[in-house]
Amino acid sequence: MNKKTFKISNKIIWLSSLLLGILTSVPKIAEHHFNPYEALVDSTVTFLFAVLIWYYNILTLPVYSSKDVSNGFSVMRLVKGLFFGIAVMFILACIQQYLLSHLNFGPVMLMFEVRGILVNIAFYMFLHLLHQSYQNQQVGIELERTKADNLGAQYELLKQQVNPHFLFNSLNTLKYMVESEDEHSVDFILKLSNFYRFTLESRKLDLIRLAEELEILDAYVFLLKARFEEGIDLSIDINPDYEQSLIPPFTLQLLVENCIKHNIVSFDKPLKIKLYSEKDILVVENRLQLKTTREISTGLGLENINQRYTHLLNKAIEIQVSETLFSIKLPIIYENNHH
């Protein structure tokens with residue numbers, strides 16, 4: 001995700017610094033023996049110091065990211081800023097001593113350093129409050145955007161889960177099986193019922209166990225095999241240790257559906273699909289045998305899956321295409337690393 005930078009108008013920085021410089025010259029103006037040159041040098045030193053402290057504090061502010069949580073008040077950053085301010089003020093005081101050599105350097109130096117510390121703390125606290133308010137606004141914006149994206153993703157997922165073409169084809173297959181008195185008709189009805197029960201139970205969940213997802217996939221593939229018979233060949237080789245990991249519901253079903261949508265599935269040319277695990281990654285891989293007449297693709301299926309992984313894990317899925325293979329790599333989601 002793109003990072004957003006906290007900014008303050010240059011006009012505010014320069015005008016506030018100028019005002020502070022003028023205010024520091026007021027005591028000089030009020031003196032009985034007013035020296036315009038001394039007042040000008042004094043206010044200029046304060047003005048330059050204020051400008052430098054403004055920019056230093058702004059540049060050292062942490063950059064907002066949706067991955068980060070605000071750390072609040074940073075004592076270490078304040079201490080570093082104070083040391084920076086002391087060094088800057090010392091240099092400016094030396095310049096002033098050069099311009100106004102008749103002044104006693106010790107007391108003037110002490111006064112300048114105390115003034116610099118107070119200005120530094122005031123600027124830091126003011127920026128901290130503004131930055132905290134900015135971060136709270138960004139969190140609110142991110143929550144609203146995430147909510148909208150999630151609702152859109154759920155709607156798109158639901159449309160794909162209850163695919164009318166899949167239901168139509170399944171019912172046609174069931175009609176043929178019943179008419180031919182196929183002994184697997186009852187199993188087909190049970191699998192179809194289980195599949196749509198899974199759909200209703202899981203549609204409101206962000207994540208389910210991988211073991212449950214494999215049950216959904218098993219029911220889905222059973223229905224496909226009743227239609228395509230030996231035209232589809234799915235092999236599964238997943239480390240049992242991953243079965244209690246998490247996955248967005250119907251992810252594997254959508255990926256298998258995507259394979260069938262774009263590739264030839266026939267008895268003479270069976271579509272081989274592999275589902276396996278490797279180093280905290282699930283891989284869905286199929287041999288490319290693209291249809292000569294391709295179906296119109298909106299690309300929403302893969303994009304939907306990618307959005308959900310980005311939302312839940314801040315990681316994108318990986319798509320790899322070669323001359324013979326098409327692979328989708330899904331990061332394994334554990335209970336302790338998603339939000």
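With which residue does Glu 278 form a salt bridge, and how far apart are the closest N and O atoms? The partner is Lys 329, and the closest N and O atoms of the two side chains are 3.7 Å apart. Glu 278 lies in the loop between strand 4 and strand 5 while Lys 329 belongs to strand 7, so this pair ties together parts of the chain that are 51 residues apart in sequence. The model discussed here is a predicted one, and the following paragraphs place this contact within the fold.

**Overall composition**

The protein chain contains nine helices and seven strands. Of its 339 residues, 40% count as buried, and its accessible surface comes to about 19,800 Å², with carbon and sulfur atoms contributing 61% of that area. Among the contacts with a separation of 6 or more, 76% are made by residues that stand 24 or more positions apart.

**The five-stranded sheet**

Five strands build an open sheet with mixed pairing, and their order across the sheet is 2-4-5-7-6. Its edges are formed by strand 2 (232–237) and strand 6 (318–321), each of which pairs on one side only. On average, neighbouring strands of this sheet are turned by 15° against each other when direction is ignored. Strands of a sheet pair through backbone hydrogen bonds, in either a parallel or an antiparallel manner. Strand 6 and strand 7 (residues 325–331) run antiparallel and are joined by four bridges; within this pairing, Glu 318 has Lys 329 of strand 7 as its bridge partner. Lys 329 thus appears both in this strand pairing and in the salt bridge with Glu 278.

Helix 7 (residues 210–228) lies across strand 2, strand 4 (271–277) and strand 5 (281–287), and runs at about 160° to strand 2.

**Salt bridges**

The structure holds four salt bridges, and the table lists the pairs that are described in this report.

| Pair | Closest N to O distance |
|---|---|
| Asp 218 and Lys 191 | 3.0 Å |
| Lys 272 and Asp 233 | 3.4 Å |
| Glu 278 and Lys 329 | 3.7 Å |

Asp 218 forms its salt bridge with Lys 191. Because Asp 218 lies in helix 7 and Lys 191 in helix 6 (residues 185–202), the pair ties together parts that are 27 residues apart in sequence. Asp 218 is partly exposed, with a relative accessible area of 44%, and Lys 191 is likewise counted as partly exposed, at 22%.

The side chains of Lys 272 and Asp 233 also meet in a salt bridge, and this pair links distant parts of the chain, with Lys 272 in strand 4 and Asp 233 in strand 2, 39 residues apart. Lys 272 is partly exposed, with a relative accessible area of 37%, and Asp 233 is partly exposed at 34%.

In the pair from the opening question, Glu 278 is partly exposed, with a relative accessible area of 33%, whereas Lys 329 is buried, with a relative accessible area of 17%.

**Helix 3**

Helix 3 (residues 75–99) has 25 residues, which at 1.5 Å a residue should span 36 Å, and its end C-alpha atoms are indeed 36 Å apart, in agreement with that expectation. The buried residues of helix 3 include Arg 77, Leu 78, Gly 81, Gly 85, Val 88, Met 89, Leu 92, Ala 93, Gln 96 and Gln 97. An α-helix has 3.6 residues a turn, so residues three or four places apart point the same way.

Terms used:
Residues are numbered from 1 along each chain as its sequence is written. This is a predicted model: local features need pLDDT of at least 70, side-chain atom pairs count only at pLDDT 80 or more; totals for chains, interfaces and linings use all residues. Side-chain values use heavy atoms; hydrogens and water are left out. Two strands pair if DSSP finds at least two bridges between them. Helices (H or I, at least four residues) and strands (E, at least two) are DSSP runs, numbered from the N terminus. Axes are lines fitted to C-alpha atoms, for helices over the stretch in contact, and angles run from 0 to 180 degrees between N-to-C directions. Contact means heavy atoms within 4.5 Å. The expected span of a helix is 1.5 Å times one less than its number of residues. Buried means under 20% relative accessible area, exposed over 50%, partly exposed in between (1.4 Å probe, protein chains only). Accessible areas come from the Shrake-Rupley method with a 1.4 Å probe; for residues, only the protein chains shown count as cover.
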